[in-house]
Amino acid sequence: MDNLELEPITLEGVDNNKRPVLIAGPCSAETEEQVMNTATQLAAKGVKIFRAGIWKPRTKPGSFEGIGTEGLKWMRRVKRETGMYTATEVATPQHVYEALKYGIDVLWIGARTTANPFAVQDIADALRGVDIPVLVKNPVNPDLDLWIGALLRINQAGLKRIGIIHRGFSTFDKKIYRNMPQWQIPIELKRRFPNLPMICDPSHIGGRRDLIFPLSQQAMDLQFDGLIIESHCNPDDAWSDASQQLTPDNLIDNVINRLVIRKAVQSTENLEDLRHQIDELDEQLFEIVAKRMRISKEIGIYKKEHAITVLQSKRYQDIIDDRAKIAAQLGLSSNFAKAFVEAIHEESVRLQMEIMNGN
Ligand code: PEP
Ligand code: MN
């Protein structure tokens, strides 16, 4: 059994019992003016923990890769002048040493880093003997054990004030979200480690401003303790993640203050949680059905080009027989399975007929 030895993340002036604990600030520190301007506005709105990326792991080279150590001086100024705590991402031992030198209060490990046990171990070794809260983002791939492995590495280096950030999982397919939430994964993590503080990052899950509020509400209904949300004094001009950042006013007035905070209950298996799981699964189901229809259309084009009939009776019968077997193995009723396959097949045939008829 994996075991985490945890202590609460107590920061003076931050009430852990008042949900959501909020961490806000720009995706990246860009200029001293942008950092100070954003921080001053957030502090005036009551935000207590300020985030900014100093070193940015970008998917492709050539994008803004962070301002580097220079930005840590601005973070130190934020702390001095606004009284907010500061938080940033570390991906190497060097980042750890620099962040500690400049008095950063909270560190987080990014999603790409969590996916790499060598990198996590290097960070853990650099943190040995240091008492600082560390938040571990989920790995980019939906692998709960990899996520837990990263938590264990940090914990076994002696750090006990540990929490997680759920920022969704990347996928290849076209999708609503920038990163699929797959809530069942953090829900399972909470079931295994009920005392682990959980923060949701709706900015990187949604990737879009209009998704921040609904995702934040969902996180609150799933009993997350906090939210980390990207906020920029001038979101449209942000050097990274412009489409998902909110102005400080917008963040507080239209997201945080609109949240309905429902009472947390002991069990994770309450109605609300189960319904959220159903919502999530239905969404995945539709994405899979949409993908199947796209492939059907490709088959339709092939049939048209090669003068093959749309309906292939033998193939249809094989599909029905094969799917009935799968359904039986999964404990689904055969009537339901048959009706389901027929409905899908009917829609496939309709789409392929459209292609045949030149639409
Ligand atoms: C970020 O928080 O700006 C960031 C880079 O996030 P992630 O590691 O989740 O992609
Ligand atoms: Mn970002």
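A residue counts as buried when its relative accessible area is under 20%, as exposed when that value is over 50%, and as partly exposed in between. The exercises below apply this and other ideas to a predicted model.

**Exercise 1. Classify Asp321, Gln223 and Ala307 as buried, partly exposed or exposed, and say where in the chain each one lies.**

Step 1. Begin with Asp321, which is part of helix H12, residues 313-329. Its relative accessible area is 37%, a value between the two cut-offs, so Asp321 is partly exposed. As for its position relative to Glu283, which is 38 residues away along the chain, the two C-alpha atoms are separated by 27 Å.

Step 2. Turn next to Gln223, found in the loop between helix H9 (209-221) and strand E8. With a relative accessible area of 12%, which is under 20%, Gln223 is buried. Its phi is near 70°, a positive value in a residue other than glycine.

Step 3. Finish with Ala307, placed in the loop between helix H11 (271-305) and H12. Here the relative accessible area is 74%, which is over 50%, so Ala307 is exposed. Although Ala307 is not a glycine, it has a positive phi of about 50°.

**Exercise 2. Identify the protein donors of the manganese ion (ligand 2), and work out which parts of the chain Cys27 and Asp241 tie together.**

Step 1. List the donors with their atoms: Cys27 gives SG, His204 gives NE2, Glu230 gives OE and Asp241 gives OD, and they lie 2.1 to 2.4 Å from the ion.

Step 2. Write their spacing along the chain, which reads C-x176-H-x25-E-x10-D.

Step 3. Locate the pair in question. Cys27 sits in the loop between strand E1 (21-25) and helix H1 (32-44), while Asp241 sits in the loop between strand E8 (226-230) and helix H10 (248-255), so together they tie parts that are 214 residues apart in sequence. Both Cys27 and Asp241 are buried.

**Exercise 3. Describe how helix H6 packs against H5 and against H7, and decide which term, roughly parallel or oblique, suits each pair.**

Step 1. Take H5 (residues 117-127) with H6, whose axes are 9 Å apart and meet at an angle of about 20°. Angles under 35 degrees count as roughly parallel, and H5 and H6 are therefore roughly parallel to each other. Their crossing is right-handed.

Step 2. Look at the residues in this contact: Pro117, Val120, Gln121 and Ala124 in H5 meet Leu146, Ala150, Arg153 and Ile154 in H6. Sorted by class, the contact of H5 with H6 has six nonpolar, one polar and one charged residues.

Step 3. Take H6 (residues 144-156) with H7 (residues 184-192), which pack at an angle of about 50° with axes 10 Å apart. H6 and H7 are therefore oblique to each other, and their crossing is right-handed.

Step 4. On the H6 side are Leu144, Asp145, Trp147, Ile148 and Leu151, which meet Ile185, Pro186, Glu188, Leu189 and Arg192 in H7. By class, the contact of H6 with H7 has seven nonpolar, no polar and three charged residues.

**Exercise 4. Summarise the whole protein chain by its helices and strands, its box and its buried share.**

Step 1. The chain has 13 helices and eight strands, and its C-alpha atoms fill a box of roughly 75 × 45 × 40 Å along the principal axes.

Step 2. Of its 359 residues, 48% count as buried.

Terms used:
Residues numbered from 1 in each chain as written. Chains lettered and ligands numbered in written order. Predicted model: local features only at pLDDT ≥ 70, side-chain atom pairs only at ≥ 80, totals over all residues. Heavy atoms only, no water. Donors = N, O, S within 2.8 Å, 3.2 Å for Na, K, Ca; no water. Helix = DSSP H or I, 4+ residues; strand = E, 2+ residues; numbered from the N terminus. Buried < 20%, exposed > 50% of the residue type's maximum accessible area, 1.4 Å probe, protein only. Axes fitted to C-alpha atoms, helices over the stretch in contact; angles between N-to-C directions. Parallel < 35°, antiparallel > 145°, perpendicular 65-115°, else oblique. Left-handed = near helix turned anticlockwise from the far one by under 90°. Contact = heavy atoms within 4.5 Å. Nonpolar A, V, L, I, M, F, W, Y, C, P; charged D, E, K, R; others polar.
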